[in-house]
Amino acid sequence: MDRYLVFGHPVRHSKSPFIHTLFARQTQQELEYGLAEPDVDEFAQALRTFFDQGGKGCNVTVPFKEQAFTLVDCLSPRAKRAGAVNTIKLTDDGVLLGDNTDGAGLVADLKSHGVTLADSRILLLGAGGAARGSLAPLLAELPSELVIANRTHTKAQQLAAEFHDLGPVTAQTYEQLAGPFDLVINSTSASLQGELPPLAPALIHTDIAIYDMMYGASDTAFICWAKQHGARQTMDGLGMLVEQAAEAFTVWRGIRPGTKQVLRELKRNLGMI
Ligand code: ATR
């Protein structure tokens, strides 16, 4: 049977095996999907061994995405832009192809929530790997403006300069931000420390859409904060997780699984509904 897995550290709580097993059942594909948690300095060897032993493809998550970028034989354009690889496919010619489906997953999830990206003013919080991966797919949707704000402003400036050729992207400090924005995307890892990005509450209004790439059994700190200040449409990153997986599954199997029912089952599995 064709074998796939996700590499990460830690990865025990990953929902990818659950999601891909449901995709395989739904599309009647014969495959198995597991987990691998190599030590941080043993990822390269573990990746090689997996493919030497017949593995067909894998996902790569924290902290290995940048390393995976350097280990594959060739890169998709979107992986090249993202500077990171979250999906690897062994092609029929024996080539390891590195791809990145995170940004496409974000855009697909935003669209599934009915968020309009064309001609919108988007505020992206954070300038780390998650922000970098989402910039090209967001700009491809032709927003009127995309502003990056980051605690370390120079990183936002660097990102804006790097993606400037793809659309109207600029960097502003949190203090400089002036609304109204149509959509705020939180790509920071602030909530991992129970913190909030330093966003002025005045930027939140009733018609704004709030997206947090994080998720949990209950509302993230950022979503709670945005609701308190009047946001009515809030979305967490669980849908992005399912959509980036669907995109990876499509790369591997050439067949696109449906995501709605899988997202529902995942929420049930997490005790969210
Ligand atoms: P990821 O790959 O998940 O994007 P990362 O590359 O470590 O992770 O980036 C984390 C991002 O969250 C960075 O933009 C970071 O800001 P700095 O560049 O200033 O470090 C941002 N971040 C983390 N904690 C934050 C906090 N408490 N408030 C605001 N931004 C925070």
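How far is a backbone N or O atom of Ala-130 from an oxygen atom of the ligand? The distance is 2.9 Å. This is a predicted model, so to speak with cut-offs: local features need pLDDT of at least 70, side-chain atom pairs count only at pLDDT 80 or more, and totals for chains, interfaces and linings use all residues. Residues are numbered from 1 along each chain as its sequence is written, and side-chain values use heavy atoms, with hydrogens and water left out.

**The sheet**
- Six strands (DSSP E runs of at least two residues, numbered from the N terminus) make an open sheet with parallel pairing, in the order β9-β8-β7-β10-β11-β12.
- β9 (169-171) and β12 (233-236) sit at the edges with a single partner strand each, so one side of each has no neighbour in the sheet.
- From one strand to the next, the twist averages 20°.
- β7 (residues 121-125) pairs in parallel with β8 (residues 145-149) over 5 bridges; pairing takes at least two DSSP bridges.
- Leu-125 has Ala-149 in β8 as its bridge partner.

**The ligand site**
- There are 15 residues around the ligand, counted if a heavy atom lies within 4 Å of it.
- Asn-150, Arg-151, Thr-152, Lys-155 and Glu-195 come nearest.
- By class, the shell holds 4 nonpolar, 8 polar and 3 charged residues, with Gly counted as polar.
- Side-chain N or O atoms of Arg-151 and Lys-155 also reach ligand oxygens, at 2.9 Å for Arg-151 and 2.7 Å for Lys-155.
- Taken alone, the ligand exposes 640 Å², and the protein buries 75% of that (Shrake-Rupley areas, 1.4 Å probe).

Terms used. Helices (H or I, at least four residues) and strands (E, at least two) are DSSP runs, numbered from the N terminus. Axes are lines fitted to C-alpha atoms, for helices over the stretch in contact, and angles run from 0 to 180 degrees between N-to-C directions. A polar contact is a pair of N or O atoms within 3.5 Å; within protein, one must be able to donate a hydrogen and the other to accept it, and residues adjacent in sequence count only if both atoms are side-chain atoms.
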